[in-house]
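Let's walk through this structure together. Keep the viewer open and follow along as we go.

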Amino acid sequence: MTPPVFSHGSLRLYLLALLDERPRHGYELIQALSERFGGTYSPSAGTIYPRLAKLEEEGLVTKEADGRKTVYAITDAGRAELAARRPELDAIEDEVTDSVRRLADGVRAEVNGAMRALRAELASAAREAKRAARSGGGARAGADAAGADAAGADAAGAGGGAGAGGGAGAGGSAKDLHVESVRAVHEADLVLNEFRQQLRTDLRTQAHRGRISADTIARLRAQLAQVRADLLAELSRGA
């Protein structure tokens, strides 16, 4: 993504600033721009080299062959222009810093939203599982009681005892299922938090290398949505 701050000749000014730090060849300038701006701006060779040629034509930079590479260096005239336009350069860096921060905030908000939605779905699934277990336990207790009434007085006593035991067993099963579900949700929270921290680290590392774009975030959103859909489908089958 090309930031608007590089319109109207601002890119040439930033190239002079990079060359004022030290001489560089074209690919080093491309890498430096990408790293400085966290991947929000990654110029092509077709963008950089014509501007370097223009700077050379104006006497602001020189070039020298270094093996198979061409190294560019700033001249005194280039330093004079850079000094005269220093406030403009500072404004460019401030605006691009804000752009990078907005991009990072957007990524963080999207990931946090997806994680919150997933936690909510897991909690909802746990409640549904608990409700289903309670309904199943009540039906089994009712069947035991009906069998006991049909068997006669003596059998009814024995069946009643069995029915009571069956009801306790069902209650115990529902309680165990609830505890297991709560434990599973807690473990899911740990997994999601670990995932979030690792993903943030990975994104920042790749952004520093200029590898994060709007397409990257779109793919992230789609893949997280697919993970959520797959999980919900699996939970529905289990219910």
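Confidence is a good place to begin, since this is a predicted model. The protein has an average pLDDT of 74, and 72% of its residues reach at least 70. Two stretches deserve some care. Across residues 1–5 the pLDDT remains under 50, and the model gives this segment ten contacts beyond four places in sequence. Residues 155–169 also have a pLDDT below 50, with eight contacts in the model beyond near neighbours in sequence.

Now turn to the sheet. It is open and built from three strands, arranged β1-β3-β2 with antiparallel pairing. At the edges you will find β1 (24–25) and β2 (61–66), each of which pairs on one side only. Follow β2 across to β3 (residues 69–74): the two run antiparallel and are joined by six bridges. If you would like a landmark here, look for Thr62, which sits opposite Ala73 in β3. Helix α1 packs on this sheet and touches β1, β2 and β3, while its direction makes about 95 degrees with that of β3.

Helix α1 has a helical partner to explore, too. How do α1 and α3 lie relative to each other? The axes of α1 (residues 10–21) and α3 (residues 45–57) come within 10 Å and cross at roughly 80 degrees. Angles of 65 to 115 degrees count as roughly perpendicular, and α1 and α3 therefore fall into that class. On the α1 side, the meeting residues are Leu11, Arg12, Leu15, Leu16 and Leu19, and on the α3 side they are Thr47, Ile48, Arg51, Leu52, Lys54 and Leu55. Sorted by class, this contact comprises seven nonpolar, one polar and three charged residues.

Notes. Residues numbered from 1 in each chain as written. Predicted model: local features only at pLDDT ≥ 70, side-chain atom pairs only at ≥ 80, totals over all residues. Heavy atoms only, no water. Axes fitted to C-alpha atoms, helices over the stretch in contact; angles between N-to-C directions. Helix = DSSP H or I, 4+ residues; strand = E, 2+ residues; numbered from the N terminus. Parallel < 35°, antiparallel > 145°, perpendicular 65-115°, else oblique. Contact = heavy atoms within 4.5 Å. Nonpolar A, V, L, I, M, F, W, Y, C, P; charged D, E, K, R; others polar. pLDDT = per-residue confidence, 0-100. Pairing = 2+ DSSP bridges.
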